[in-house]
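Visitor: I have a new structure open and don't know my way around it yet. Can we go through some of it together?
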Amino acid sequence: MIPKPVTPKKRNQSGLLFVPREWQRGAAVRWLKRTHAWTGFWGALLFLMLGTSGILLNHRSIWKIETGEPIEASAMDIAVPAGSIKDEDALGKWAQAEFSLPSEPRPPRGKGPGKGEKSDQKSAKRFLGRERSEAEKWELSFNHPNGRLTVEHVKGSASVSVKQSSQNLWGFLKNLHKGSGVGLVWVLFMDTIAGALVAMSITGFLLWTRLHGTRLLAGAIMAGSLAVATTALWPFLL
């Protein structure tokens, strides 16, 4: 009598780690897979942009990866009626109307206080052996992802100095990552990309099956990642 061949028992691969038994049905699993796939497709290109620009931002001080400052593309002194611009706010409003700028003006980085703050700069300075009064001058910057527009005006003068600077591709990506000079629509759009990342993280976590290891291994990987992050961050906490 020929013995029957022994069929090896198949490992149960249908279960999902950390997913309640009532959610193990086919419809729920298909929903998780589709959510994971479509949210990934929605943000695929933006995830690439965020990853690339994130590396550039992270390594500015460690690897000295610099994308360069904006390069001056054009400059011009534009005539205005003498005394028509009364203060810094008026200069900002003039520039917004003149060049159809959607962004808000700010003092250039490292030059003067923020909007609404008073400067402590003295109007009199010593020059060539004498105390001399320095003309009041305002300078504002309009930052955009692909460049910068700077306007400068001496109080009472009949011109405004305007400089336009352009940003390279890497600087453009960094500015998009930081949200520099963008409007509300872009901010809300990036909120959907952040939501897609959250959805992918949750659904990817729930779709982790026993094919990839045990619950103990999954927990060890997560604990190890958290431990590395905590160790790296701990010395810099206040």
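Visitor: Which residues of helix α3 are buried?
Guide: This is a predicted model, to start with. In α3, which spans residues 169-178, the buried residues are G171, L173, K174, N175 and L176.

Visitor: And what do the buried residues of α3 pack against?
Guide: They pack against two helices, α1 (26-58) and α4 (184-206), and against strand β4 (137-144).

Visitor: What happens at the start of α3?
Guide: A side-chain oxygen of N168 comes to within 3.3 Å of the backbone nitrogen of W170 there. After the helix comes G179, which has a positive phi, near 75°.

Visitor: Now F189. Where is that?
Guide: F189 sits in helix α4.

Visitor: Is F189 buried, exposed or partly exposed?
Guide: Partly exposed, because its relative accessible area is 26%, and buried would need under 20%.

Visitor: What is F189 in contact with, leaving aside its neighbours within four places in sequence?
Guide: W42 and L46.

Visitor: Different topic: the sheet. In what order do the strands come?
Guide: The order is β1-β6-β5-β4, four strands in an open sheet with antiparallel pairing. The edge strands, β1 (71-79) and β4, each pair on one side only. From one strand to the next, the twist averages 15°.

Visitor: How many bridges join β5 to β6?
Guide: Six, between residues 147-154 of β5 and residues 159-166 of β6. T150 stands opposite K163 in β6.

Visitor: Which helix lies across β1, β4, β5 and β6?
Guide: Helix α2, residues 88-99, and it runs at about 45° to β4.

Key. Residues numbered from 1 in each chain as written. Predicted model: local features only at pLDDT ≥ 70, side-chain atom pairs only at ≥ 80, totals over all residues. Heavy atoms only, no water. Buried < 20%, exposed > 50% of the residue type's maximum accessible area, 1.4 Å probe, protein only. Contact = heavy atoms within 4.5 Å. Polar contact = N/O pair within 3.5 Å; in protein donor to acceptor, adjacent residues only side chain to side chain. Pairing = 2+ DSSP bridges. Axes fitted to C-alpha atoms, helices over the stretch in contact; angles between N-to-C directions.
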